[in-house]
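Subject: A structure to look through

Dear colleague,

I am passing on a structure for you to look at, together with some notes to read beside it. Please open it first and keep it in view as you read.

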Amino acid sequence: MAPLRNALEGAGAVLAAFAAMYLVAWLGLYAVGASSVTSLGRAASAVVAMAVGGSAEVSTGASVGGFLSIGLEGGLRFMPLGVTLTGAIVLGLAFFLPLRRRRLDATLLCGRIAVVVGVGISALMVVAGTGRGSVALEIPDSLGDRLKPKGGEGGGLFGDRESDSGLGDLFGGGGGGLGDLFGGGGGFGDIKESLSNVSFRIDGGSTLLGGTVWLLATLGLGLLAARRARLPETLTRNRLRTVMGPAVSATMRVVLVLSSVLLVLGTLGGLAVPGGNGFRVVGAVLLAGPLLVVAALSIGVGVPWSLSTDRVESEGGGLGGMMGMFGQSGDSGPLGGLGGGLGGIGEPTNRTISLASLSVEGRPLWIPVLLLVAVILLTCGTLAAARTPPRPPGLGTLPETRARRAAQQAVRMGAVWAVMLCMVVLIAGVSGEISVSLLGSSILGLTAQVGANGFLALVMGLVAGALAGAGGSLLHELIGSARDRRSARRATASEASGAPEREQV
């Protein structure tokens, strides 16, 4: 019965994790008002897939007269860390809590992990398969007007009725030609409505790969940080677990507490907002609240975040070159209207958010952010030092001094924070791209990216973690020394008060 019970517990743990992720995703989407534009069930599946590393693909298109087609295709990579963290917490608790009551040998533990991975991959396949649907978007009137012929000063995608420029004559700009075939200019009147129906689907390969890595990483961190789980003796005495486990456990606990506090504050603050915007705030916090923790920690240790957009246009070959490409919004070129319509959102930008640039209404915020991050780091270092067991007497050749313990904690915390900060910065980045095609040929592309430098996060995490480890170790020593002195004074006072009583007796 032990292997069967072990397998059922492993399967239950991963299924509970995915159920919790789906529930949080559904609630977050409902709170932000997504039910009015798409199916919440399918959208929640897509969010769960993206929460474990999957990417989304979006597309829409319209055709005129059955001959001329215009389409938009793109992709989005975004990890809603609120959903990710929820699944990791539920999986870790459901996997390791039963192990506090009984000990597993290495074979049963490996079998338990294998069941989690196997059932998890099956769940990922279901999530990726159901994470597809459509979203009804509202295209701005300024862009929609440029996608159809109109009278006036020109600027439509296919020219206008009153000008002879570009493709106006060909597609009914002045009557005749192919204008009658497409109904003059009226055939383009439904382009805006057609393009507003955007289809989305989840890439199955990235979901399976990212989800498998997420499952193994969650269980691996749990094996390092689970202090009360009765693991096999070979793992309990493992050098990596005994050395790095306290630092990993302390860092995970502090990050979880921070995320929980942010969730509570965000929920209360959102509910206090008048009108319907409060629920949108709550939904955003549910889905992506931990992103603020990641951004604050990384910016606080000196890792800036950057927002960049770039417009990619055809080099002049193919259909883009034949049609003269895009003019600006005021040009009268054949595709000038579309170029101007997307130009407002496609101008290249590059903005960097660093610690020194943080401000609200002109008031700098770098001092409180820096102090907050310093307190967080020092708390992690102190907890790690408190959870590190003392070295047994006679082990090693060097004496166990305060400076040596501080140096050891600096190395351990530096390694943990370097890896942790680098990984969360890489997975917390957001990127997207969209391309416009005409008659099957790409004529315009727009890319956007929000993220930070992973190598810089690695270096700064190493430095900040080392300082936190050394400072936390020294602080723990001072707290312990102060506690010992208080205990000694109390013992002396007790002996002094008890001495006269003994003399009277």
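What follows goes from the whole chain to a few helices and then to single residues.

Please keep in mind that this is a predicted model. The protein has 505 residues, of which 41% count as buried, and its secondary structure is made up of 15 helices and ten strands. About 25,500 Å² of the protein is exposed, and carbon and sulfur atoms supply 65% of that area. If you take the contacts between residues at least 6 apart in sequence, 75% of them join residues at least 24 apart.

The average pLDDT is 77, and 72% of the residues score at least 70. Over residues 150–188, however, the pLDDT is below 50, although this stretch has 76 contacts in the model beyond near neighbours in sequence. Residues 320–346 also stay under 50, and here the model has 60 contacts beyond four places in sequence. Where pLDDT is low, the predicted coordinates should not be read in detail.

Helix 2 is a good place to begin. This helix covers residues 40–51, and its twelve residues reach 16 Å from the first C-alpha to the last, close to the 16 Å expected at 1.5 Å a residue. Ten of the twelve are buried, so helix 2 is largely enclosed by the rest of the structure; among the buried ones are Leu40, Val47, Val48 and Met50, along with several alanines, including Ala43 and Ala44. After the helix comes Gly53, which has a positive phi, near 115°.

Helix 7, residues 204–225, can be checked for length in the same manner: its 22 residues should span 32 Å at 1.5 Å a residue, and the end C-alpha atoms are 31 Å apart, which agrees. At the start of this helix, a side-chain oxygen of Asp203 comes to within 2.9 Å of the backbone nitrogen of Ser206. Further along, the buried residues of helix 7 include Thr207, Gly210, Gly211, Trp214, Leu215 and Thr218. An α-helix has 3.6 residues a turn, so residues three or four places apart point the same way.

Which aromatic rings pair up in this model? The count comes to three aromatic pairs, and two of them are described here. The rings of Phe18 and Trp214 have their centres 6.2 Å apart and their planes at 75°, so this pair is edge-to-face. Because Phe18 lies in helix 1 (residues 2–31) and Trp214 in helix 7, the pair ties together parts that are 196 residues apart in sequence. Both Phe18 and Trp214 are buried. The pair of Trp26 and Tyr30 is stacked instead, with 5.5 Å from centre to centre and 5° between the planes. These two residues both lie in helix 1, four residues apart, which is about one turn of the helix. Trp26 counts as partly exposed, at 32% relative accessibility.

Three buried residues are worth finding on your screen, and Arg241 in helix 9 (residues 239–272) is one of them. Is Arg241 buried or exposed? Its relative accessible area is 11%, and since the cut-off for buried is under 20%, Arg241 is buried. A polar atom of the Arg241 side chain lies 2.6 Å from the backbone oxygen of Ala226. Leaving aside neighbours within four places in sequence, the residues in contact with Arg241 include Leu223 and Leu224, and Leu223 is itself one of the buried residues of helix 7.

Thr251 is also in helix 9 and is buried, with a relative accessible area of 3%. The side chain of Thr251 reaches the backbone oxygen of Ala247 at 2.9 Å. Which residues does Thr251 contact beyond four places in sequence? They are Cys380, Met413, Val416, Trp417 and Met420. Thr251 and Cys380 are 129 residues apart along the chain, yet their C-alpha atoms are separated by 5.5 Å.

Last comes Gln409, which is found in helix 14 (residues 402–428) and is buried at 5% relative accessible area. Beyond its neighbours within four places in sequence, Gln409 is in contact with Ala384, Ala385, Thr388, Gly469 and Ser473.

With best wishes

How values were computed: Residues are numbered from 1 along each chain as its sequence is written. This is a predicted model: local features need pLDDT of at least 70, side-chain atom pairs count only at pLDDT 80 or more; totals for chains, interfaces and linings use all residues. Side-chain values use heavy atoms; hydrogens and water are left out. The expected span of a helix is 1.5 Å times one less than its number of residues. Buried means under 20% relative accessible area, exposed over 50%, partly exposed in between (1.4 Å probe, protein chains only). A polar contact is a pair of N or O atoms within 3.5 Å; within protein, one must be able to donate a hydrogen and the other to accept it, and residues adjacent in sequence count only if both atoms are side-chain atoms. Contact means heavy atoms within 4.5 Å. Accessible areas come from the Shrake-Rupley method with a 1.4 Å probe; for residues, only the protein chains shown count as cover. pLDDT is the predictor's confidence in each residue, from 0 to 100. Rings of Phe, Tyr and Trp (its six-membered ring) pair if their centres lie within 6.5 Å; planes under 30 degrees apart count as stacked, over 60 as edge-to-face and the rest as tilted.
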